[in-house]
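Biologist: I have the model open and I'd like to learn how to read it. Could you walk me through it one feature at a time?

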Amino acid sequence: MSAFAAMLKRELRLSLRGGGEMLTLVLFFVIVGAVVPFAVGPDKALLSRIAPGVIWIAAFLAMLLGLEKLFGPDRDDGTLALYRLADLPLAAIVAAKVIAHWLTAALPLILASPALALLLAMDAETFWRTLLSLLLGTPALAGFGAIGAALTVATRRGGLLAPILIAPLSVPVLIFGVGAISPSGGADQAQVAALLLAALSLTVATLSPFAAALAIDWGED
Amino acid sequence: MTPGQVHSLLRLETAALAVGRGDMPLAQAIDLSVPAGTGLLLRGPNGAGKSTLLLTLAGLLPPLSGSVVLQGHNEEEGPAFHHCGHRNAVRPRLTARETLGFWRTLNGNPAVPVDAALERVGLVRQARLDAAYLSAGQQRRLVLARLLVSARPVWLLDEPSSALDAEGQVLLGELVREHLGQGGMAVIASHDPIAVPGLPVLTLGAAR
């Protein structure tokens, strides 16, 4: 088994044996979406109009919740120092972590999104576009999240600093994510937004492991 | 090719090394020379900079000045340093066996097989136990097993004997002697006696 696969396996094992952490994340995602009808009132037309934005905000917030766990426990028990001495380059280790983070913090949300679509009175066509948009956009959120988490773990400032750091970076993801679902200018624009979203995800997912590894390496142990 | 032959040309050297945390120097003018097959015991009061020196040797902390060189080490052979710090890097939810298997794959240069290493450190019965249920001493033994499963010439051990029972102390001495016998090197910071005959001692001064 290659070192990269071993790394991925370890992360997935830790998440799956995490005693319902994934379920908590999914419930948080659904609940954020579910409180919106109570806050804006039972106007079905309004709800289905803002539904794409609500789902994206819920996904964004739920993914922020998992960030603390990305490098925090590794720093606390000394594993992070050993990663820096491993045979596998640190960037590859971080890449495995980003993939595992997406699989355990984004994929479950995407699978749970039908529940939100139902609660927010979404029609079928919009739902399929939402699914595609989430699939294309969440890797970028995972990548930005890794950079934020690495910066805060290196400077030993946990808590809410990482979300604050990466929120501005994530704005384009939200803009194009929602743009790919409910285009203001027709189907053409939706396709353009989806392509931009995919490009953004590819770029961020590729570059973020290097940036995060650099941040960890420069942060003194 | 035996490990002894591989390591026989190595030499860990530092020149006018100053180590510290942030801007605060802890130990200065350290000129070490540790040839293959020998060890070094670091002594000194709490806060003298022993751990910081080990982290700097491992490359985990930048030196304040001076340099650390491992003479004769080919970068392509992979990382040369095993570092074992205060913290055990043992994660709950993974069994002892899984933990060791993971480090064996990640650290490369596989040496002793996982089960043999667990037997060596006396953790056979705990192999399938969640590592969080291991006692502090057993976790320390698991850390020692991590040194065995991947071959690296230099062991940097920070208080390796903490939480170990008398039998564990003997085991630690044996493992270090075997490692040195194969041409490896070891730099050990400890307040306890280490059962390795003829180990040179470097005493670091007190912190101000």
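Modeller: Sure, starting with strand pairing: two strands pair if DSSP finds at least two bridges between them. Helices (H or I, at least four residues) and strands (E, at least two) are themselves DSSP runs, numbered from the N terminus. Keep in mind that this is a predicted model, where local features need pLDDT of at least 70, side-chain atom pairs count only at pLDDT 80 or more, and totals for chains, interfaces and linings use all residues. Residues are numbered from 1 along each chain as its sequence is written, while chains are lettered from A and ligands numbered from 1 in the order in which they are written.

Biologist: Let's try it, then. Which residue is the bridge partner of B:Leu17 in strand 2 of chain B?

Modeller: B:Ile30 is the partner of B:Leu17. Strand 1 (residues 11-21) and strand 2 of chain B pair in the antiparallel sense, with 4 bridges. Their hairpin has 2 residues between the strands, and B:Gly22 takes a positive phi near 60° there.

Biologist: B:Ala27 caught my eye. Is B:Ala27 buried or exposed?

Modeller: We count C-beta atoms, placed from the backbone: a residue with 20 or more others within 10 Å of its own is buried, one with 12 or fewer is exposed, and anything in between is partly exposed. B:Ala27 has 22 C-beta neighbours inside 10 Å, so it counts as buried. You'll find B:Ala27 in strand 2 (residues 24-30) of chain B.

Biologist: And which residues is B:Ala27 in contact with, leaving aside neighbours within four places in sequence?

Modeller: A contact means that the C-beta atoms of two residues, placed from the backbone, lie within 7 Å. For B:Ala27 those residues are B:Val19, B:Ala48, B:Gly49, B:Leu53 and B:Leu204.

Biologist: How do I read the open sheet of 5 strands in chain B?

Modeller: Go by strand order: 6-7-8-4-9, with parallel pairing. Strand 6 (81-84) and strand 9 (201-203) of chain B each have a single partner strand and stand at the edges, so one side of each has no neighbour in the sheet. Inside that order, strand 4 (residues 39-43) and strand 8 (residues 185-189) of chain B run parallel and are joined by 4 bridges. One example is B:Leu41, whose bridge partner in strand 8 is B:Ile188.

Biologist: Now chain A. How many helices and strands does chain A have?

Modeller: Chain A has 10 helices and 0 strands. Of its 221 residues, 44% count as buried. The C-alpha trace of chain A spans about 55 × 35 × 35 Å along its principal axes.

Biologist: What does UniProt list as "transmembrane region" in chain A?

Modeller: The unreviewed UniProt entry lists residues 21-40, 46-67, 88-111, 131-153, 160-181 and 193-216 of chain A. Positions follow the numbering used here, feature names are shortened, and annotations may be inferred rather than shown by experiment. In the model, residues 46-67 of chain A are 91% helix and 0% strand, with the end C-alpha atoms 32 Å apart. Residues 131-153 of chain A are 100% helix and 0% strand, and their end C-alpha atoms also lie 32 Å apart.

Biologist: Last one: how many residues of chain A are in contact with chain B?

Modeller: 20 residues of chain A are in contact with 21 residues of chain B. On the chain A side, helix 1 (3-16) and helix 5 (79-84) are the elements that give two or more residues. Helix 1 of chain A gives the most, with 6 residues.
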